[in-house]
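Reader: I'm new to this one. Could you walk me through it, one question at a time?

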Amino acid sequence: MPPREGGTPPPPGRGNDELRLYGWNAVQALFEKRPQALRKLYLVESLIPRMQPVLKWCVANRVGYRVVEEGDLNKLAATTHHEGVVADVLRAPMLELDAWLATLPAGAPALALWLDGVGNPHNFGAILRSAAHFGVAGLLLPPGATLALSGAAARVAEGGAEAVPLVRLPALPEAMAALRAAGFGLAATLVAGGADLFASEVPERLVYVMGAEGEGMDRALAQDCDQQVSIPGSGAVESLNVASATAVLLSHWVGRRRR
């Protein structure tokens, strides 16, 4: 390994195609799936033994790394929740809808999420984690959506960001038509007023359309979906947040498919 460098490393120039990851699982998942995307690595000395495979790959592929102090990582990540490692990486390319549909095995069951206005990075990260756990085939983002993977979302996802592709949708009518032509039903998820989720039809190919935090989903979009469902509860609280609701929805689909 090359000699250790000290001092606070200057923040590298990062364009829209680059992302600063932090957290052990986020960085490790990136390395396991897309090592060629790694551009620079920063770590504390105590992690050197654990990260030997990554460091050896960096040396072999002339990717720079620096062993730094905890405080340096706090500055680089703009948080103390970095678990001793920060990495500058290339973003995974976002797929177009047609290209994503072509990756799905013909006729096989598939589950996807359409995120209509979800913006909080911690909720986005939690959704990615649940999506990876339940084998979601893709996260669909409407045209004009500003949602993008951030370091905070990737850390909360605990590696899930590398397991679930992000898909850019065309205009709403075209997107719905293409999804239905590929065999997907669309289920709008409402805080209240929808059919009981646990009594609802669960097609082999399904897209759950998730609304924004607070405001809920667009009513016109909800009406254009094939189903409108709600998660029944005790009424002790108004509703689940979007990340918690997502986990319930995904587990329901997986459970019904296994019966």
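Author: Sure, starting with a rule for rings: those of Phe, Tyr and Trp (its six-membered ring) pair if their centres lie within 6.5 Å, and planes under 30 degrees apart count as stacked, over 60 as edge-to-face and the rest as tilted. This is a predicted model, where local features need pLDDT of at least 70, side-chain atom pairs count only at pLDDT 80 or more, and totals for chains, interfaces and linings use all residues. Residues are numbered from 1 along each chain as its sequence is written, and side-chain values use heavy atoms, leaving out hydrogens and water.

Reader: How many aromatic pairs does that rule give?

Author: Ring centres and distances decide it, with 6.5 Å as the limit. Counted this way, the number of aromatic pairs is two.

Reader: What kind of pair do Phe-31 and Trp-57 form?

Author: Phe-31 belongs to helix H1 (residues 24–33) and Trp-57 to helix H2 (residues 52–60), 26 residues apart; helices here are DSSP runs of H or I, at least four residues, and strands are runs of E, at least two, numbered from the N terminus. Their ring centres are 6.1 Å apart and the planes make 80 degrees, so the pair is edge-to-face.

Reader: Is Trp-57 buried, partly exposed or exposed?

Author: Buried means under 20% relative accessible area, exposed over 50%, and partly exposed in between (1.4 Å probe, protein chains only). Phe-31, at 15%, counts as buried. Trp-57 has 21%, so its label is partly exposed.

Reader: Which residue's side chain makes a polar contact with that of Arg-34?

Author: Arg-34 is in the loop between H1 and strand S2 (38–43), and it counts as buried because its relative accessibility is 13%. A polar contact is a pair of N or O atoms within 3.5 Å; within protein, one must be able to donate a hydrogen and the other to accept it, and residues adjacent in sequence count only if both atoms are side-chain atoms. At 2.9 Å, the side-chain partner of Arg-34 is Glu-162.

Reader: Which helix gives the largest share of the largest nonpolar core?

Author: A nonpolar core is a set of buried Ala, Val, Leu, Ile, Met, Phe, Trp, Tyr and Cys residues joined through side-chain atoms within 4.5 Å. The largest has 65 residues, and Leu-115 is one of those touching the most other members. Seven of its residues, the largest share, come from helix H9 (residues 242–257).

Reader: What is the average pLDDT of the chain?

Author: pLDDT is the predictor's confidence in each residue, from 0 to 100. Over residues 1–13 it stays under 50, and where pLDDT is low, the predicted coordinates should not be read in detail. Still, 93% of the residues score at least 70, and the chain average is 91.

Technical notes: Contact means heavy atoms within 4.5 Å.
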